[in-house]
Amino acid sequence: MKIVGLETFLVAPRWCFLAVTTDEGITGWGEPVVEGRAATVATAVAELAEYLVGQDPFRIEDHWQVLTKGGFYRGGAILASAVAGVDQALWDIKGKALGVPVHDLLGGPVRDRMRSYCWVAGDDPTEAAEHALEKKAQGFDAIKMNGSGSMRALESKREIDAMVERVAAVRAAVGDDFDIAVDFHGRTSAAVAREVCRLLEPLHPFFVEEPLVPEQTADYAAICASTTVPIATGERLYSRWDFRDVLGSGIAVAQPDLSHAGGISECRRIAAMAEVHGVALAPHCPLGPIAFASCLQVDFATPNALIQETSLGIHYNQGSDLLDYLVDASVFEFRDSSVALLTGPGLGIEVDEAAVRRAAEVGHDWRNPIWRHPDGSFAEW
Ligand SMILES: [Mg+2]
């Protein structure tokens, strides 16, 4: 079998899909994207296609090596995300060609259902308790919420108290038999993160995510040592080398993104590295159905997979949502906050190519907002 073409599609709400076609009629799908830089990643995929067309799609690992290292310059969000989408598509092709789900190629399933959580409230979290109750009524027993809006390097008592009160309101609404993850989104400084995590301890957050921006990953050890709250990070780390030191820093949860960190191949390896350090895997996935299916394929074959993020109903999904580009959306039937084992070949989903092509005619130009502090200076979003 030979690869004959790679085609990318920018589709609402903010995604990029990739179809890798072969001379035997099998198409593999991937989701190579950086949110807000979708067209840049699509261009990177087009450059990688020069090498891939004519190659055997079964040689996934060799292609991964060449695509990540063969250009001499390596790493970073754009290249790792382009390779991630290609990698997902090649696993999809191989599974379809062999008539087995990808998790079977990774050693077979280690669980029958994968626990999942969804988002509540928006960028600047308001009414989180109300939204969490809606999700609880839908059957979810875990949610994630943003911890705050923009934060200064050192904050007032009012802002610190507000972060704690938001989580307290959700805890009061949903009760104790329900997990609340709190995403700091890299908005807090180490000083503020330490203070807030300590104050959150009585509320038992499931984990606090990204208390630091990724360029401060070396400082995670200090954060972890300062609190009993489990710390999660990893959505802005792009390879096992990026994860190497932070996995030993005391974090509880590693969150590689299957569309950013080199795809199924690399995230499977990051999961194994995490297991060595007693760190659980919770793949980051605020993205579309191909990324979500890729995450689930790894989750179902990975013993230390803890919980899976889903973008279903996330505040970014304006105009389109997780289930819109599937021929049969019931493959992702959520029940009791979990998704059943995907049994179809490849990634286990059938992408509705006609719907993708229609959406790509419109495309998107999604960008994240630029936030500023009251004094006019840049603020982390
Ligand atoms: Mg996050």
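A residue counts as buried when its relative accessible area is under 20%, and as exposed when that area is over 50%. Keep that cut-off handy for the exercises below, and remember that you are looking at a predicted model.

**Exercise 1. Work out whether Trp15 and Phe17 are buried or exposed, then describe how their rings pair.**

Step 1. Start with Trp15. Its relative accessibility is 0%, so Trp15 counts as buried.

Step 2. Now take Phe17. Here too the relative accessible area is 0%, so Phe17 is buried.

Step 3. Look at the two rings. Trp15 and Phe17 form an aromatic pair with 6.1 Å centre to centre and 25° between the planes. Planes under 30 degrees apart count as stacked, and that is the label for Trp15 and Phe17.

Step 4. Follow Phe17 to another partner. Phe17 and Tyr325 pair at 5.4 Å centre to centre, with 90° between the planes, which makes this pair edge-to-face.

Step 5. Check where these partners sit. Phe17 belongs to strand β2 (residues 15-22), while Tyr325 is in the loop between β11 (308-309) and β12 (334-335), so the pair links parts of the chain 308 residues apart. Tyr325 has 3% relative accessibility, so it counts as buried.

Step 6. Zoom out. The count for the structure comes to 13 aromatic pairs, and Phe140, Phe292, Phe332 and Phe334 form one aromatic cluster.

**Exercise 2. Find out which strands pair with β6, and in what sense they run.**

Step 1. Locate β6 at residues 179-183 and check its cover: 5 of its 5 residues are buried. On one side you'll find Asp179, Ala181 and Asp183, and on the other Ile180 and Val182.

Step 2. Go to strand β5 (residues 142-146). β5 and β6 run parallel and are joined by 5 bridges. As a landmark, Ile143 stands opposite Ile180 in β6.

Step 3. Trace the chain between these two strands. From β5 the chain passes through helix α6 (residues 157-174) to reach β6, and this β-α-β crossover is right-handed.

Step 4. Now try strand β7 (residues 207-209). β7 pairs with β6 in the parallel sense over 3 bridges, and Val182 has Val208 of β7 opposite.

Step 5. Trace this connection as well. β6, helix α7 (residues 190-200) and β7 form a right-handed β-α-β unit.

**Exercise 3. Identify which residues are the protein donors of the magnesium ion.**

Step 1. List the donors. They are Asp183 (OD), Glu209 (OE) and Glu235 (OE), and they lie 1.9 to 2.2 Å from the ion.

Step 2. Write their spacing along the sequence: D-x25-E-x25-E.

Step 3. Place two of them. Asp183 is in strand β6, and Glu235 is in the loop between β8 (231-233) and α9 (240-243), 52 residues apart. Both Asp183 and Glu235 are buried.

**Exercise 4. Find how many disulfides the structure holds, and check Cys16 and Cys224.**

Step 1. Recall what you're hunting for: a disulfide is a covalent bond between the sulfur atoms of two cysteines. To count, the two sulfur atoms must be within 2.5 Å.

Step 2. Test Cys16. Its nearest cysteine sulfur is that of Cys285, 14 Å away, and Cys16 is in no disulfide. Cys16 is buried, with a relative accessible area of 0%.

Step 3. Test Cys224. Its nearest cysteine sulfur, that of Cys197, is 8.9 Å away, and Cys224 is in no disulfide either. With a relative accessible area of 12%, Cys224 is buried.

Step 4. Give the total: the structure holds 0 disulfides.

**Exercise 5. Look at the backbone at Pro13, His204 and Asp336.**

Step 1. Begin with Pro13, in the loop between β1 and β2. The peptide bond from Ala12 to Pro13 is cis, with omega near 5°.

Step 2. Move to His204, in the loop between α7 and β7. Phi of His204 is near 50°, a positive value in a residue other than glycine. At 55% relative accessibility, His204 counts as exposed.

Step 3. Finish with Asp336, in the loop between β12 and β13 (338-340). Asp336 is not a glycine, yet it has a positive phi of about 50°. Its relative accessible area is 58%, so Asp336 is exposed.

Note on methods: Residues are numbered from 1 along each chain as its sequence is written. This is a predicted model: local features need pLDDT of at least 70, side-chain atom pairs count only at pLDDT 80 or more; totals for chains, interfaces and linings use all residues. Side-chain values use heavy atoms; hydrogens and water are left out. Buried means under 20% relative accessible area, exposed over 50%, partly exposed in between (1.4 Å probe, protein chains only). Helices (H or I, at least four residues) and strands (E, at least two) are DSSP runs, numbered from the N terminus. Two strands pair if DSSP finds at least two bridges between them. A crossover is right-handed if, with the strands pointing away from the viewer, the path from the first strand over the helix to the second runs clockwise. Donors are N, O and S atoms within 2.8 Å of the metal (3.2 Å for Na, K and Ca); water is not among the atoms, so sites may look incomplete. Rings of Phe, Tyr and Trp (its six-membered ring) pair if their centres lie within 6.5 Å; planes under 30 degrees apart count as stacked, over 60 as edge-to-face and the rest as tilted.
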